[in-house]
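Okay, thanks for coming, everyone. I'd like to walk through one structure today, starting with the overall picture and then going strand by strand. Have a look at it first.

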Amino acid sequence: MYENLSNFAEGVDTAFVIILSIILFFLVGLTVTLIIFIIKYREKKNPIPTPTKDNILLELTWTIIPIVLVIGMFHYGWIAFKPMVSKAPENSMVVKTDAFMWDWRFEYKNGRKTDTLYVPQGDPVKLELYALDVIHSFYIPAFRIKQDIVPGTPSSLWFIANAPGVYDIFCAEYCGLEHSYMYTAVKVLPKEEFEKWYTDTTQVVVVSDKPGMAGFQIMKDNGCFACHSTDGSKLVGPTYKGIFGHEVEVIRNGVRQTVTVDKEYITRSIYYPDEEVVAGYNKGLMRHYQGQITEEEIDKIVEYLETLGGE
Ligand code: CUA
C-alpha cells in the first residue's frame, strides 16, 4: 500500500491507519444506528415517549470502550513520535539548514552549500534548523517528518532515508507572500554515489570558469531568485535583467532619488536592503545578508549581473 521511505514512515502510517479505521468504524456505525433509530422510534409508532432511568451497564460501556480506544490511539501515536524527538544517533551526518523568505539553504560539514538537500541512503542525517527571519516549517511528506523553525530558537530533526529518489521538501508554515514557492527537494543517493557527490569539488570549479556562473551559483544558494527574476518579470523584488549600469528610481529616507546600479549600489542593496527601495516596491520584504555574503562574493554577483544585459 505504501513504501517506507524513511525510518519513521511505518510508525506514522500505522498510527494513521489505526486512527482512521476507528474513525471510519464509528462514522459508519453511528450513521447506521441513527437512521435505524429514526425509523424505529418515529413519533407515529411511539406517540408516548418511554422514560429511561439510570443504566449502569450502558454507562460503563460508553465510558470504558472510548477510554480504551483513545489510549490505543495515543499508544500508537507515541510509538511513532518518540523516536523522532529522541536524540539523533551519534554517527549522524549533520547538515546546517537555513530557512528564510523564501528558500532553503543546506550547508554540509565540508563547507559545501546547496539549495537541494543531498543525503546518503541508509545513514542517519541530522538537520540543524535555523530560521533567519520569520517562522518556517520543514516538511518532507514522503518521510513523514515535519518540524517548525522559530527565529532565535534553533531546532533539529533527524531521519534515515531508505530508498534512493527525489522527494519534496515544503515549508509548512505560512511565512509571507511567496510561502507557496518555498519548496525544494531531498535527493537520496546510494552511499557510493553520495560519497562521490560529497567529495567532488570539480563541479564547482567548472561552474566558476564560465563568466558570471560563480555569481549565479552564489545567488542561487542564497535564494535570490525566489524574489528577483532574470527575464524582466516583476516578482516580489525588481528583476535583474538589464539593471546593471542603468539608473533606477529609489526611495531613500522617504525621498525619491535616481541612482546608478553599480557595485556600490549592489552592495548597499544586499547589506542594507531597506535603506534604498526601488520605487514601486515594498520595504521590509528582503532580509539583509551581512555576514552571509562576502565582499568577494559580491564581486562575483556583479560579474553575473553584467551578463544580464546592462551596458
Ligand atoms: Cu517559509 Cu512558509
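So, let's start with burial: 35% of the 311 residues in the protein chain are buried. Keep in mind that what you're looking at is a predicted model.

Now the overall build. The chain has seven helices and 13 strands. Its radius of gyration is 28 Å, and the globule rule would give 19 Å for 311 residues, so this chain is more spread out than a compact globule. If you put a box around the C-alpha atoms along the principal axes, you get roughly 90 × 50 × 30 Å.

What about contacts along the sequence? Of the contacts with a separation of 6 or more, 62% are between residues 24 or more positions apart.

For the surface people: the accessible area is about 18700 Å², and carbon and sulfur atoms contribute 61% of that. On the charge side, there are 29 positive and 39 negative charges, and their mean positions sit 9 Å apart.

Okay, on to the sheet. Which strands make it up, and in what order? It's an open sheet of five strands, ordered S3-S2-S1-S5-S8, and the pairing is mixed. The edges are S3, residues 113-114, and S8; each of those has a single partner strand, so one side of each has no neighbour in the sheet. As a reminder, strands in a sheet pair through backbone hydrogen bonds, either parallel or antiparallel.

Let's zoom in on S5, because you can see both senses of pairing around this strand. With S1, residues 93-100, strand S5, residues 124-131, pairs in the parallel sense over seven bridges. With S8, residues 155-160, S5 pairs in the antiparallel sense, over six bridges.

If you want a residue to click on, try Lys126. Val94 stands opposite Lys126 in S5, and in S8 the bridge partner of Lys126 is Trp158. Another pair to look at is Thr97, which stands opposite Leu129 in S5.

Just past S1 there's something for anyone who checks omegas. Where is the cis peptide bond? It joins Met101 and Trp102, with omega at about -5°. Trp102 lies in the loop between S1 and S2, and S2 covers 103-108.

Next up is S4, residues 117-120. Leu117 and Val119 point one way, Tyr118 and Pro120 point the other way, and all of them are buried. That fits the general pattern: in a regular strand the side chains alternate between the two faces of the sheet. S4 runs parallel to S10, residues 183-189, and four bridges join the two. The bridge partner of Val119 in S10 is Val188.

Let me stay on Leu117 for a second. Is Leu117 buried or exposed? It's buried, with a relative accessible area of 0%. Leaving out neighbours within four places in sequence, the contacts of Leu117 include Val95, Phe106, Tyr108, Leu127, Phe138 and Phe159. Ile169 is on that list too, along with Ala185, Val186 and Lys187. As for distance, Leu117 and Ile218 are 101 residues apart along the chain, and their C-alpha atoms are separated by 16 Å.

Then there's the hairpin of S6 and S7. These two strands pair in the antiparallel sense over five bridges, and Tyr139 stands opposite Lys146 in S7. The hairpin has four residues between the strands, and Arg144 there takes a positive phi near 60°. In range terms, Arg144 sits in the loop between S6, 136-140, and S7, 145-149. The relative accessibility of Arg144 is 28%, so this residue counts as partly exposed.

There's a second positive phi to show you. Asn253 is not a glycine either, and its phi is about 50°. You'll find Asn253 in the loop between S11, 247-252, and S12, 255-260. How accessible is Asn253, then, and what does that make it? The number is 72%, so with the exposed cut-off at over 50%, Asn253 counts as exposed.

That's my tour. If you open the model yourselves, maybe begin at Lys126, with Val94 opposite and Trp158 as the partner in S8, and then hop over to Leu117 in S4. Happy to rotate things around if anyone has questions.

Methods. Residues numbered from 1 in each chain as written. Predicted model: local features only at pLDDT ≥ 70, side-chain atom pairs only at ≥ 80, totals over all residues. Heavy atoms only, no water. Rg over C-alpha atoms; globule rule 2.2 N^0.38 Å. Buried < 20%, exposed > 50% of the residue type's maximum accessible area, 1.4 Å probe, protein only. Contact = heavy atoms within 4.5 Å. Areas by Shrake-Rupley, 256 points an atom, 1.4 Å probe, with all protein chains shown as cover. Lys, Arg positive; Asp, Glu negative; His and termini not counted. Charge placed at Lys NZ, Arg CZ, Asp CG, Glu CD. Pairing = 2+ DSSP bridges.
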